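Visitor: Could you please walk me through this structure? I am new to reading models of this kind.

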Amino acid sequence: MNMTFLQEMFQSITQRDALLRRRQGDGTPPDHRRLVEACQRLLESDGEASSIALASRALGMYQRLAPEERQRFFERLASDFAAEPEQIDAAYARYAEQRDNASLEALFEACEPRRQELIRRLNLTSGGTVELVRMREDLLGLLREQPELSAIDADFAHLFGSWFNRGFLMLKRIDWDTPASILEKIIRYEAVHEIRDWDDLRRRLDARDRRCFAFFHPAIGDDPLIFVEVALHKGLPARIQPILAGEDVGIDDPELADTAAFFGISNCQTGLRGISFGNFLIKQVVQELKQELPQLKHFVTLSPVPGFAQWLAERRDDETLPEAVRESLAELEAPAWHEDAEQAERLRAVVKPLAARYLVEEKNARGLPLNPVARFHLGNGAELHRINWLGDVSAKGLRQAAGLMVNYLYVLDDIERNHENYTANATVARSSEVKDLVRKARKLVKGETAK
């Protein structure tokens with residue numbers, strides 16, 4: 001059988017149907033009921049060519065739905081495309097009686113919501129994966145107000161976890177010679193330190209002491225999934241402003257660097273939130289850099305601490321804290337407090353220990369560190385290595401973290417052990433310097449003077 005012929009035929013069908021979708025889009029937008037009917041027909045379809053055409057039509061209808069109609073569609077997905085309780089009960093009864101692989105497989109099949117098969121079939125059409133990622137992005141925007149839709153999100157996450165596993169990801173270096181269409185997306189997707197213009201981007205990509213790497217996926221094309229920016233450095237960096245400004249970081253030649261500092265990691269696709277790419281990205285970039293520059297000894301982040309300033313603000317009203325500590329924290333409200341050397345030094349003695357307590361001891365409902373960046377790097381096997389005072393004195397850095405930044409250190413020989421301890425016991429791997437700060441925080445809370 002000529003597979004090329006079949007592929008071209010399916011592609012022709014999809015393209016012709018996409019053109020039809022665009023022509024139909026000039027009329028009245030469809031409602032969610034028509035889309036639900038289209039999805040039912042897709043699930044009932046037997047032929048591959050007809051399924052591709054039906055999937056294309058269904059996705060085209062979804063694209064033209066008004067926001068409120070999309071909400072109604074998700075509600076129908078939750079109710080009409082769930083697993084059937086009667087089928088589950090019957091399959092479980094057979095398994096309880098026979099306990100063989102065939103009945104177990106039937107039980108698994110009965111437990112799977114019909115939505116998952118629908119999503120698989122929608123993915124048959126050309127560009128289907130991209131459209132489904134956008135669909136999940138819409139769904140995520142509804143979950144806060146409609147948590148009952150979380151079962152649909154679990155289905156998306158389950159399937160995306162397979163479709164976007166490491167085996168399908170392609171690592172590419174981003175530099176000034178990368179096509180402009182991709183560079184424009186790097187500017188748009190940068191989520192940690194805003195790229196102001198093309199000159200700013202060139203400083204980050206074209207300098208000899210900079211590297212940038214991104215993961216791509218064949219189904220998403222030239223749209224990156226996640227990218228990381230790296231500064232080659234002599235020693236561990238403590239401040240972000242010199243790096244962003246392209247100032248001298250202690251080396252004239254990349255081969256003189258002993259440290260690779262990851263200073264910006266940006267997820268690009270909101271619809272893939274929760275699908276793990278960052279841990280693979282960092283580990284592969286470490287291998288790439290070791291191969292290019294074998295003299296590198298340290299692989300470290302220069303990370304923001306989002307949410308820390310808010311946590312500090314909440315402590316100002318905590319009457320269990322000594323009054324002197326609360327008065328110190330109130331000074332953070334002063335304009336340009338960080339420019340007053342005496343005031344900054346006074347605050348340093350209070351804020352840095354509290355930051356260590358926040359990162360090590362403050363936990364969420366799942367017993368994991370409260371800070372999301374800490375969860376990411378600690379979960380990857382990094383060590384909480386150093387807390388940098390006034391590491392980011394931009395308006396954003398002061399607003400979200402009282403100017404603090406953190407070095408998470410990736411020691412290749414320790415990554416697996418740290419990861420296992422964190423996963424099993426939520427153990428925060430930390431340096432002796434951070435341990436000392438935690439002890440100082442305990443003294444502050446008890447009203448003792450920190451030294």
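Guide: We shall discuss the overall make-up, then the pockets, and finally one pair of helices. Please keep in mind that this is a predicted model.

Visitor: How many helices and strands are there in the protein?
Guide: The protein contains 20 helices and seven strands.

Visitor: And what size of box do the C-alpha atoms fill?
Guide: Taken along the principal axes, the box is roughly 75 × 55 × 50 Å.

Visitor: What share of the residues in the protein is buried?
Guide: Of the 451 residues, 48% are buried. As for contacts with a separation of 6 or more, 73% are between residues 24 or more positions apart.

Visitor: Let us turn to pockets. What is the volume of the largest pocket?
Guide: Its volume is about 1300 Å³. The lining of this pocket has 43 residues, and those closest to the centre are Asn 267, Pro 372, Val 373, Arg 375 and Phe 376.

Visitor: Which elements supply at least two residues each to that lining?
Guide: They are helix 8, strand 4 (259–267), helix 13 (278–292), helix 17 (372–379), helix 18 (395–401) and helix 19 (415–425).

Visitor: What classes do the lining residues of the largest pocket divide into?
Guide: There are 20 nonpolar, 17 polar and six charged residues in that lining.

Visitor: How much space lies in the second largest pocket?
Guide: The second largest pocket holds about 260 Å³. Its lining consists of Leu 43, Ala 83, Glu 84, Gln 87, Glu 109, Ala 110, Glu 112, Pro 113, Arg 114 and Glu 117. Helix 6 (101–111) and helix 7 (114–122) are the elements that give two or more residues to this lining.

Visitor: And by class, what does the lining of the second largest pocket have?
Guide: Five of its residues are charged, four are nonpolar and one is polar.

Visitor: Now the helices, please. At what angle do helix 8 and helix 9 cross?
Guide: The axes of helix 8 (residues 128–143) and helix 9 (residues 150–163) cross at roughly 145° and come within 10 Å. The crossing is left-handed.

Visitor: Which residues make the contact?
Guide: Helix 8 contributes Leu 132, Val 133, Met 135, Arg 136, Leu 139, Leu 140 and Leu 143. From helix 9 come Ser 150, Ile 152, Asp 153, Phe 156, Ala 157, Phe 160 and Trp 163.

Visitor: How many of the residues in that contact are nonpolar?
Guide: Eleven are nonpolar, while one is polar and two are charged. Helix 8 thus appears twice in our discussion: it contacts helix 9, and it also supplies at least two residues of the lining of the largest pocket.

How values were computed: Residues are numbered from 1 along each chain as its sequence is written. This is a predicted model: local features need pLDDT of at least 70, side-chain atom pairs count only at pLDDT 80 or more; totals for chains, interfaces and linings use all residues. Side-chain values use heavy atoms; hydrogens and water are left out. Axes are lines fitted to C-alpha atoms, for helices over the stretch in contact, and angles run from 0 to 180 degrees between N-to-C directions. Helices (H or I, at least four residues) and strands (E, at least two) are DSSP runs, numbered from the N terminus. A crossing is left-handed if the near helix is turned anticlockwise from the far one by less than a right angle, and right-handed if clockwise. Contact means heavy atoms within 4.5 Å. Ala, Val, Leu, Ile, Met, Phe, Trp, Tyr, Cys and Pro count as nonpolar, Asp, Glu, Lys and Arg as charged, and the others, Gly among them, as polar. On a 1 Å grid over the protein atoms alone, a cavity is a set of points where a 1.4 Å probe fits but cannot get out, and a pocket is an open set with protein on both sides within 12 Å along at least five of seven lines; lining residues have an atom within 4 Å of a point. Grid points are joined across faces, edges and corners, and a volume is the space filled by probe spheres set on the points. Buried means under 20% relative accessible area, exposed over 50%, partly exposed in between (1.4 Å probe, protein chains only).
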